[in-house]
Amino acid sequence: MNLLAATAGVPVALASAASFGISSVLQYRATHEVPEQPAGRPGLFLSLARRPLWRWSIVLAIVGFMLQVLALKLAPLTVVQPLLVTGLLWYVVVSAATRHRRPDQVIILGSVLCLVSLSMFLVLARPGRGTGHNGLDNVWSVLPLAGALTGIVVGCIALAGVIGPTYRPLPLALATGVCYGVTAGFVRSLSSYFGEGLLAVLGHWQTYAIIVLGPIGVLLNQNSYQAGRLGAPALAIITVTDPLVSISVGVLWLDENLRIGGWWALGEIVALCGLVGGVFLLAHRAPHVAPAAPAPPKTAEQRDAVASE
């Protein structure tokens with residue numbers, strides 16, 4: 001890959017991050033314009049589909065994904081991924097602008113700490129392809145991954161149902177990030193078959209797992225936004241969890257490798273500690289600067305009950 005192509009990938013990756021960040025702002029606003037529903041209920045999609053803001057957010061998300069694919073063709077993963085996580089900073093700035101308020105300094109600090117720490121981890125670890133072995137081609141070898149995925153998602157949804165509203169978005173965001181990360185791992189495992197045509201891709205089980213798991217991740221994403229009065233903490237957890245989980249899938253099932261040992265490992269540990277610190281700052285600060293919660297919109301059943309009284 002030549003230097004000119006890699007350099008051209010930088011503005012494309014930044015544009016992708018901007019699309020994802022603005023899309024998240026629109027999604028967050030749209031989820032607060034419809035009645036809240038329990039986590040995992042697909043009926044939320046029907047309500048959101050009627051909101052123009054949400055439809056525009058999906059358009060921006062698709063544009064962001066297409067730009068991400070282009071950026072990855074022009075520049076390596078270790079260049080593109082750190083730039084993509086700047087979508088979190090875009091979210092903080094655009095969200096504050098739409099509310100006509102200055103961004104809170106602690107929220108910015110937590111967001112920047114997440115961005116810098118994740119970028120530092122990716123640059124130090126330098127995830128890369130190994131021998132090309134695809135462990136996901138064997139369905140039986142995926143059972144541990146399926147079990148872990150199911151346990152984490154079900155556990156997060158159950159936890160969100162019992163904890164207070166202040167921290168309810170956090171486990172939902174974690175479940176979202178895990179779904180997105182595993183989905184990315186499946187997409188990566190299919191990438192070697194893209195050149196063989198559509199029929200070859202449809203002949204692998206990962207395609208159908210993506211079709212199922214992708215919408216589940218999007219639904220949990222909307223649940224995490226709807227449950228919180230600020231979207232930055234949820235988006236930070238998703239932004240952090242997604243690449244870390246996808247890298248883990250790559251190392252454990254796709255024979256990819258990380259640069260570990262010596263000072264590299266120490267730097268990676270420091271970066272991970274920075275990630276935890278950034279998320280903690282966001283989660284702790286968000287309730288103190290969140291606007292007062294508006295009265296939730298009435299459901300159709302509630303409006304009918306009021307009208308009959």
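Biologist: Which residues does Trp 90 touch, not counting residues up to four places away in sequence?

Modeller: A contact means heavy atoms within 4.5 Å. By that rule, Trp 90 touches Leu 14, Ala 17, Ala 18 and Gly 21, leaving out residues up to four places away in sequence. Before going on: this is a predicted model, where local features need pLDDT of at least 70 and side-chain atom pairs count only at pLDDT 80 or more, while totals for chains, interfaces and linings use all residues. Residues are numbered from 1 along each chain as its sequence is written, and side-chain values use heavy atoms, with hydrogens and water left out.

Biologist: How far apart are Trp 90 and Ala 17 in sequence and in space?

Modeller: They sit 73 residues apart in sequence, and their C-alpha atoms are 7.6 Å apart. You can read Thr 7 in a similar way: its C-alpha is 7.3 Å from that of Ala 75, 68 residues away along the chain. Across the chain, 82% of the contacts with a separation of 6 or more are between residues 24 or more positions apart.

Biologist: How many helices and strands does the chain have?

Modeller: Helices (H or I, at least four residues) and strands (E, at least two) are DSSP runs, numbered from the N terminus. Here you get 13 helices and zero strands. Trp 90 belongs to helix H5, residues 87–98, and Thr 7 is in helix H1.

Biologist: Is Trp 90 buried, exposed or partly exposed?

Modeller: Buried means under 20% relative accessible area, exposed over 50%, and partly exposed in between (1.4 Å probe, protein chains only). Trp 90 counts as partly exposed because its relative accessibility is 39%. Thr 7, with 44%, is partly exposed as well. Of the 309 residues in the chain, 44% are buried.

Biologist: And how do I read the total exposed area?

Modeller: Accessible areas come from the Shrake-Rupley method with a 1.4 Å probe, and for residues only the protein chains shown count as cover. The chain exposes about 15600 Å², with 71% of that supplied by carbon and sulfur atoms.

Biologist: What about a charged residue like Glu 268: buried or exposed?

Modeller: Glu 268 is buried, at 7% relative accessibility. You'll find Glu 268 in helix H12, residues 262–289. Beyond four places in sequence, Glu 268 touches Phe 121, Leu 124, Ala 125, Arg 259 and Ile 260.

Biologist: How many aromatic pairs turn up in the whole structure?

Modeller: Rings of Phe, Tyr and Trp (its six-membered ring) pair if their centres lie within 6.5 Å; planes under 30 degrees apart are stacked, over 60 edge-to-face, and the rest tilted. The search of the whole structure gives three pairs. In one of them, Tyr 28 and Tyr 225 meet edge-to-face, 6.2 Å between centres and 80° between the planes. That pair links distant parts of the chain, 197 residues apart: Tyr 28 is in helix H1 (residues 3–31) and Tyr 225 in helix H10 (residues 205–227). Tyr 28 is buried at 12%, and Tyr 225 is buried at 1%. Another pair, Phe 45 with Trp 54, is tilted, with centres 6.0 Å apart and planes at 45°. Phe 45 is partly exposed at 22%, whereas Trp 54 is buried at 10%.

Biologist: Which backbone oxygen does the side chain of Thr 207 reach?

Modeller: A polar contact is a pair of N or O atoms within 3.5 Å; within protein, one must be able to donate a hydrogen and the other to accept it, and residues adjacent in sequence count only if both atoms are side-chain atoms. The Thr 207 side chain reaches the backbone oxygen of Val 201 at 2.6 Å. Thr 207 lies in helix H10 and is buried at 11%.

Biologist: Why is there no disulfide at Cys 156?

Modeller: A disulfide is a pair of cysteine sulfur atoms within 2.5 Å. The closest cysteine sulfur to that of Cys 156 belongs to Cys 179, 9.0 Å away, so it is too far for a bond. The whole structure has zero disulfides. Cys 156 is buried at 7%, while Cys 273 is exposed at 52%.

Biologist: Where is confidence lowest, and where is it highest?

Modeller: pLDDT is the predictor's confidence in each residue, from 0 to 100. Helix H13 (residues 300–308) is lowest with a mean of 45, and helix H7 (residues 143–162) is highest at 94. The chain averages 81, with 86% of residues at 70 or more.
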